[in-house]
Every structure is written in C-alpha cells, then in structure tokens.
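Visitor: I've got this one open on my screen. Can you walk me through it, starting with the ligand?

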Amino acid sequence: MTESVLKELTTMTMNCKPIETIDQRINDIRMRTAEIVNNDILPNESRLWAERREDESWSHRNEVLELRAQIKEKVKQAGLWAPHLPADYGGMGLDFLAHAYMNEVLAYAIGASSLFGVVAPNSGNQSVLVKYGTEEQKQKWLLPLIDGTLESGFSMTEPHNPGSDPRSLDTSAVIEGDEFVINGHKWFTSNGIDADFFIVMCRVVEAGATDLKTGPMVQIIVPTATRGVNIVRGIGVWGRKESDHCEIKYEDVRVPVANALGRVGDGHQAAQDRLGAGRIYHCMNSVGQMWRAFDLMVQRAASRDVHGGKLQDKQFIQGFIADSYIDIQSARLMTIHAAEKIDQGLQAARTDISAIKVYVPAAYSRVVDRAIQVWGAAGVSNDLPLAGMYMGARTLRIADGPDEVHKILIAKHVLGQYAKGEGWDFGN
Ligand SMILES: Cc1cc2nc3c(=O)[nH]c(=O)nc-3n(C[C@H](O)[C@H](O)[C@H](O)COP(=O)(O)OP(=O)(O)OC[C@H]3O[C@@H](n4cnc5c(N)ncnc54)[C@H](O)[C@@H]3O)c2cc1C
C-alpha cells in the first residue's frame, strides 16, 4: 500500500470497546489486542506487508523484519502470543469462545495474526501435533514449529480426486519393515515452498494393491528434504504467475513408521479435528476483516464528493451501508452462537458450523464488494487491502469444504430431526 491514498485513513482505528454481556477476562483480551492492533500494526501496515521489491536494499528489508520482531515481542509481553496453543506450549491456553472473540479484533489488521503467532497452515499443524504427536514428534517437529525455526504444510488435496470428498483420496503408504513407502500426487499444499516438513494424508495399503481407495487413513510427517518429495510448481492463483500453494509428487518416499501421527486409521478424524472447530476461528477472522472493509467504506462515503454532494448522502450508498451492517451483524452473531454451542461438544454445533461456513464467506464477499464499489478505482488497487480481501473471501467458499457440501450437511441434520418426529429447535 502506498502512503498517499492511505494517508487520510491511517488515523482510523478500530472502535473496540468492552462488551457488557461477556466476562471481564474476554473483554480484557479484546481490549489489549485492540491496543496493539491500533497503536502498533495499523499505523505501520503499509511498511509491514509491502511486497519485496527486487531493488530493495538489505537495510530496508532488515528494518521491516526488525519492526515485525518488535511487535511480536510486544504481543508476547502482553501475554497475547499463540491463542490457539495450550499454555504448556507457550500459547495463551484460551477456551473456545475467548479465542473466537479475540480473532475478530486481531483480524481487523491485515496479516496481524502472524504477529500474534498464528500462521496457517503451521497453526493447524501445531494443533494436530499437540493432540496426536508422540513426545519424540513434539520435540522434533512441534517445538521448532512453534519457535519459528521450522515451517510446515498440510498435504491432503489431490488433483485427480475431489477434495470435497476426502474419502476419495488415494495417496498410498505401504509398510515395509519399519518404513512407510509413500506414493501419491497432491496439490494446493499451502506454504509448500518454505515448508521443512509436510503432514501428508495417506491410505495404508498392502504392497501391490490395486484398490487404493479403501485402506485406513493416516497422517504422516514427511520432511521436505526426503528423496522422492518432488515439488512440481507453486500453482499460479488469481492471475499471479506463482504462489506457495504447491503441486507435489510423492514418489517412493521412505520415512520411518514412527512418523505416523496417531494410530493408522486416525487420519480422517485428525483432519476433522483440524477443520471442524477451526472454522469458527476462520469465520471470526472474516468478521474482523468485514469490520475493516465496512470502516473503509463508510469513511470514504463520508469524505468523497461526487456529483455535487457527498457519497454518504446518496441513497444507493446508504443502501450499501445498511446492507453491509446487516451482513456483518448476522455473520457475527451466527458465529458467536456457534462458538457458544461448541461448549456442548462439536457434535451439537455441527449444523451451526456448516451454516456459518456457508454464510460468513458469502457475507464477507458482499461487504468487500460494496466497499470496493464505493472506493471506485482505488478499491481494486494495491493501495488498499480490499482487493486482497475480495480474493480471500471468494477462496473461502471453496477451501475447508465448498458451500454445497456444507449445505448438504445442514439439510441432512434438519431432515434427520424431522424424521425422528421432532421439529428444529431454533432456540438451542
Ligand atoms: C487457496 C487455497 C489453499 C488451499 N490449501 C490447501 C492446503 O494447504 N492443503 C490441502 O490439502 N488442500 C488445500 N486446498 C484445497 C481445498 O481444500 C480444496 O480445493 C477443497 O477441499 C475442494 O476440493 P476440490 O478443489 O478438489 O474441488 P471438488 O471436490 O472437485 O469440488 C468442486 C466443486 O464441486 C461442487 N461440489 C462438490 N461436492 C458437491 C456435492 N456433493 N453436490 C453438489 N456440488 C458439489 C462444489 O461447488 C465444489 O466447489 C486449498 C485450496 C485453495 C483454493
């Protein structure tokens, strides 16, 4: 983002005040998060995330890295580091609801989550390692992942099979002595360029098996440097030539059987653990970003003169503001409701989780779309975070389970309830 267009907006901060109906501890976390977002991250946003230019000097690059390190240190001092991790692993040890409420604040500033120690896919891999890892795996992979000396990826989706139906995957792991021999073709393994290891979703099959679709699933830790891990490319997305979402061929890759995460057969459950409840955090992130887009839109509407009057006085634009307000409030309240329900167990919340997984990214797309429209050409420029948000919101309708799959689940749960002779209880 260049300084010029943002100048008038850099004084804008997130208006985050204590919420009367939630407990003091959560309010305290939100307020301390907002303080760092408002004082340290937003004023430096254009410097923190500027794309690295080829002619950039090392001293400038070091300045940026130094600034990020300073903010991370401040976050740690404030006890706000790694909200997704238990305290034993250097995290905040937050319960579900507190984490969700924190996310809407930290997601207001683009990229801020990395300054709070939460970076996908590392954060998801950390949580899976905490839950399924042996002591040895934790020492070797988890701790360096937490302190930032290692990077990782999660390799599940395959180009020739529908990712929306994980039962279709056919990357095979054959046990030979004390080794797995892995063969398969994956793509969209995010962070693939920098990763030091991948958690690869495989099926355990007999040597020479022709049916690769029925063996028990297992997640296996595969160091990137292992012979046979062949990164084909960083797939270009959204018009860019390359990204860090990688296509990877695993060709006779040998790793110790001790690299299995959990027991053979646990793989599908581990993937569900990773995605299931995590969807609430992603949706609260989207709420934070919608909040930001809304602020940008309303500020611009209040300051821009068009055809003899301010944009804010045109009814079209007032409609944008009202519709966006409704989108954000409904997305936010649905997500908080789902987060509250998780206390009764993942099972009780699964219809609500699917509902927000469909509703929130769509609401996010609509809100950002209107903000872009109000900003005109600047809206699609790199001077503002809106274009990036727009692509992110659209992508969210596919990643972590496409809309249609979640709608099918909602209908299944509802119909199941009626089949039992009961109606749906919207009050609980
Ligand atoms: C930016 C990005 C990052 C990603 N990162 C990772 C990663 O790190 N690791 C990883 O393993 N994967 C990753 N993915 C992959 C992602 O999880 C999959 O794209 C997703 O699960 C959908 O799978 P698919 O692309 O194979 O689509 P498909 O399964 O082929 O589905 C295509 C479309 O079919 C429709 N559809 C599917 N099922 C039904 C149905 N039952 N009824 C009606 N319509 C249906 C939906 O509209 C769906 O979008 C990433 C994807 C993106 C875009």
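**Ligand, helices and loops**

Guide: Strand 1 (152-155), strand 3 (179-189) and helix 15 (403-419) each supply at least two residues of the shell around the ligand. Helices (H or I, at least four residues) and strands (E, at least two) are DSSP runs, numbered from the N terminus. This is a predicted model, where local features need pLDDT of at least 70, side-chain atom pairs count only at pLDDT 80 or more, and totals for chains, interfaces and linings use all residues. Residues are numbered from 1 along each chain as its sequence is written.

Visitor: Which element gives the most to that shell?

Guide: Helix 15, with 3 residues.

Visitor: How many residues surround the ligand, and which are the closest?

Guide: There are 19 around the ligand, and the closest are Met-156, Pro-162, Gly-163, Ser-164 and Pro-402. A residue counts as near if its C-beta atom, placed from the backbone, lies within 6 Å of the molecule or strand in question.

Visitor: How does the shell divide into nonpolar, polar and charged?

Guide: Into 10 nonpolar, 8 polar and 1 charged. Ala, Val, Leu, Ile, Met, Phe, Trp, Tyr, Cys and Pro count as nonpolar, Asp, Glu, Lys and Arg as charged, and the others, Gly among them, as polar.

Visitor: And which domains does the shell draw on?

Guide: At least three residues come from each of domain 2 (152-264) and domain 3 (276-419). The C-alpha centres of those two domains, 2 and 3, are 32 Å apart. The assignment also gives domain 1 (3-115); such bounds come from an automatic or database domain assignment.

Visitor: Switching to helices. How does helix 10 pack with helix 12?

Guide: Helix 10 (residues 278-303) and helix 12 (residues 346-375) have axes 9 Å apart, at an angle of about 20 degrees. That makes the helix 10 and helix 12 pair roughly parallel. Axes are lines fitted to C-alpha atoms, for helices over the stretch in contact, and angles run from 0 to 180 degrees between N-to-C directions. Under 35 degrees counts as roughly parallel, over 145 as roughly antiparallel, 65 to 115 as roughly perpendicular and the rest as oblique.

Visitor: What sort of residues make up the contact of helix 10 with helix 12?

Guide: 19 nonpolar, 2 polar and 4 charged. Helix 10 passes helix 12 in a left-handed crossing, meaning the near helix is turned anticlockwise from the far one by less than a right angle; clockwise would be right-handed.

Visitor: What about helix 11 and helix 12, parallel or antiparallel?

Guide: Roughly antiparallel. The axes of helix 11 (residues 315-341) and helix 12 come within 9 Å and cross at roughly 155 degrees. The contact of helix 11 with helix 12 holds 16 nonpolar, 4 polar and 6 charged residues, and the crossing is left-handed.

Visitor: Where do helix 7 and helix 9 stand, left-handed or right-handed?

Guide: Their crossing, helix 7 with helix 9, is right-handed. Helix 7 (residues 122-132) and helix 9 (residues 267-275) pack at about 130 degrees, axes 10 Å apart. That makes helix 7 oblique to helix 9.

Visitor: Just before that, which peptide bond is cis?

Guide: The one from Ala-120 to Pro-121, with omega near 0 degrees. Pro-121 sits in the loop between helix 6 (112-115) and helix 7.
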